[in-house]
Amino acid sequence: MAQDPLERVFNGGFGEGTDGWFASEAAPVSVVDGKLCADVPGDTHQPSDVIIGQNDIWLQRDKPYALSFTASASQPVRVKVQVQLSDEPWTAELSQDIALGPEQRHTCTFTSRVDTDRAAVSFQIGGNPAAWRFRVDDVSLTGGDPLPPYVPDTGPRVRVNQVGYLPFGPKRATVVTDATEPIPWQVNNGAGITVASGTSTPRGVDASSGQQVHTVDFSAVTEDGTGYTLSADGETSYPFDISVSAYDQLRSDALHFFYVQRSGIAIDDALAPGYARPAGHVGVTPNQGDTSVPCQPGVGDYQLNVRGGWYDAGDHGKYVVNGGIAAYQLLSQFERTRNAPVARPDALGDGSLRVPERGNGVPDILDEARWELEFLLRMQVPAGRPLAGMAHHKVHDEKWTGLPLPPEEDSQPRKLHPPSTAATLNLAATAAQGARLYAPFDPDFAARCLTAARTAWAAAQAHPAILASKTDTIGGGAYDDAYVSDEFYWAAAELFITTGEQTFLDALRASPHWTGEVFPPSGFSWQDVAALGRLDLATVPSLLPDADRDAARASVRAAADQYLATAREQAYGMPLTKDEYLWGSNSFVLNKLAVIATAFDLTGDERYRDGVVEGLDYLFGRNALNQSYVTGYGEHHSHNQHSRLYAHQITPASPAPPAGSIAGGPNTGLEDPKARRVLIDRTVDPPKRPEPQFSYIDDIQSWSTNEITINWNSALSWVISFVADQRDGGVPATATTSDEETLSRAQWSAPVD
Ligand code: 9MR
């Protein structure tokens, strides 16, 4: 049945579990027989000591409302029912004491004196002397004008890359229009002078947005400038730049994100203005970590000092599998500048980033990656303990904390969760990678990395199937992974590249991924890491036999071709099909772009580079929502991402996510209640879920569409670094020769450019 358009309460019948409802920690709630049930303790003093309620309720001034619900109490009690502001000054529009006993329907009426979208319906059920059980069902608040279905603000129907186009690169845009025939378009420069015009290409209905669209190609415009606009069908796009340096600042900002996410160190205002904070989780009260963190019961009777590393995302957890792929991508971003024909290593060199280690003679990107690597090493089970050499899967709070919460104020106990094969192999892979990259700068650290990597490899061989539990989701994410053959392949690849030892080549050859597919159609991810090994076998100089390297390179090209074919089918130009809008979809786009970029590094074929450049347009606004998903970049950009550290949307005193933070992006799974509540249209029967590209909301509560994480920013950072390296689009002469020649010329030699 379609929802009453006057209904203000979401999920008042609890058909969707506890979605949309909050409850005091003292009274855990569950849904039993379709009713919300809570065991209310008897030792509280006043009604407001225990509250069950719902926020984000809309009220209109001078309109009458009726709140009704069916409730019962296991023994006679008095409770208070309120409709009130959910933040200061907390004033109540309705406040009524009610006696509860056997099940009964109650109705209370009131007229609102305020206009607000931040009211709450609350049942204040504390203050009764003995413990009791509260049951409630069919909560309804009706009144006010009918609510229109949610319509996102999508701005002009002409969709461009709001950040900028590279002078040499492809310049395409997408126009949402009902026109069935080609329509005229024109590009104006910042002075308002028309510099190009033409007609569009109708593309029919776009599968991932459900929109009827045309594409426009204005690649012929190559002059540097700001304030360009594209007009078509009576609409004018947001302004954009054409600039050789369009991505230079983002290259720095995308990496700066990692500094601000650091655990275990005070963030310096001089380096990150507005983001200064004391060190988080260094054993200082109220923190209960991370300098001496005990194992979970049954896992071990020891503590580890696991300080440092990066906070994973909007939570304060630290997870070895996700830390692994993020550290890999930073190290790979650096390593690429050593091997790729078109690269600018100085852009990542010492003094290039806003980090405390600048000026220490080590490329800053390696300083940043080391912050994580040191943490990963600390997660290894010490010699003499059960499962020695394995890595603990994760360390995080015992319970989920609320927003906002600066890291240094987190008072939850933290625990080491059981070691896993996947975490152990992430450690082996990244430590092996680190061993070769830090060797010129700090041989002792490099040696420590290699020893840890070998130990981890041996431990994983001995315990090849210890899998992290997918139900271990209290207080932190699971990062579970049922298949670890890809982690074995990746670790073997990194160990082989670094050491050249036959054992690791044998392990590679024995892997199902040696000849098998390693590039999933949906793109690689923290769970699917064989591609990382293959990309390095294809690009990093090693003792890999030539024929095997050729095969690895051919597979990268084939995957890039496949991803480009996907992008060509999309009127918005990105390599993502309508079925691939999953949690972190923006990172899937980026990781596919990284594969396409690698194909360019290997071949110099400009089709690949153009594909990467065009794919980015989608992330910076050429999409159904006209949304740039990177904070601080583009006219209409995400800035309310889910984070306990950057909770400006909730608390003005807390900063917004730093410039250069990428949001997870549209996710048809809509795994959080905020996204479900806002994006599913319940005024129709059956309720209508949004099209894939519309499955996103820039709201801090929508963690499944709008979180920030280290593995998404590492993907952004890698790709932006590639694109920023391209400068004016010059391709070294040799890059058009066979790829074997290109790479052998570039191997460990002085970089071109
Ligand atoms: O990025 C992860 C995504 O691939 C999973 O589908 C999702 C659910 O398991 O978890 C995501 O990771 C989250 C992690 O579990 C906890 N920290 C925040 C991460 C990003 O949302």
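**Exercise 1. Find which side-chain atoms lie close to polar atoms of the ligand, and how much of the ligand is covered.**

*Solution.* Start with E707: an N or O atom of its side chain sits 2.9 Å from an oxygen atom of the ligand. That fits the cut-off for a polar contact, which is a pair of N or O atoms within 3.5 Å; within protein, one must be able to donate a hydrogen and the other to accept it, and residues adjacent in sequence count only if both atoms are side-chain atoms. Next take Y479, where a polar side-chain atom is 3.2 Å from a ligand oxygen atom. Then turn to D312, with a side-chain N or O atom 3.0 Å from a nitrogen atom of the ligand. Finally, look at the cover: on its own the ligand has 450 Å² of accessible area, and the protein covers 79% of this (Shrake-Rupley method, 1.4 Å probe; for residues, only the protein chains shown count as cover).

A word on the ground rules: this is a predicted model, in which local features need pLDDT of at least 70 and side-chain atom pairs count only at pLDDT 80 or more, while totals for chains, interfaces and linings use all residues. Residues are numbered from 1 along each chain as its sequence is written, and side-chain values use heavy atoms, with hydrogens and water left out.

**Exercise 2. List the residues around the ligand and sort them by class.**

*Solution.* First collect the residues near the ligand (one heavy atom within 4 Å of it): D312, A313, D315, Y319, G477, Y479, W526, W583, E707, T709 and W712. Then sort them: the shell has six nonpolar, two polar and three charged residues. Here Ala, Val, Leu, Ile, Met, Phe, Trp, Tyr, Cys and Pro count as nonpolar, Asp, Glu, Lys and Arg as charged, and the others, Gly among them, as polar.

**Exercise 3. Describe how β2 and β3 are joined.**

*Solution.* Locate β2 at residues 29-32 and β3 at residues 35-40; they pair in the antiparallel sense over four bridges (strands are DSSP E runs of at least two residues, helices H or I runs of at least four, numbered from the N terminus; pairing needs at least two DSSP bridges). Now check the register: V29 faces A38 of β3. Two residues separate the strands in this hairpin, and D33 in the turn has a positive phi of about 50°.

**Exercise 4. Is S140 buried or exposed, and what does its side chain contact?**

*Solution.* Place S140 in strand β10, residues 132-143. Its relative accessibility is 15%, so S140 counts as buried (under 20%; exposed is over 50%, partly exposed in between, with a 1.4 Å probe and protein chains only). The side chain of S140 makes a polar contact of 2.7 Å with the side chain of E7.

Notes: Two strands pair if DSSP finds at least two bridges between them.
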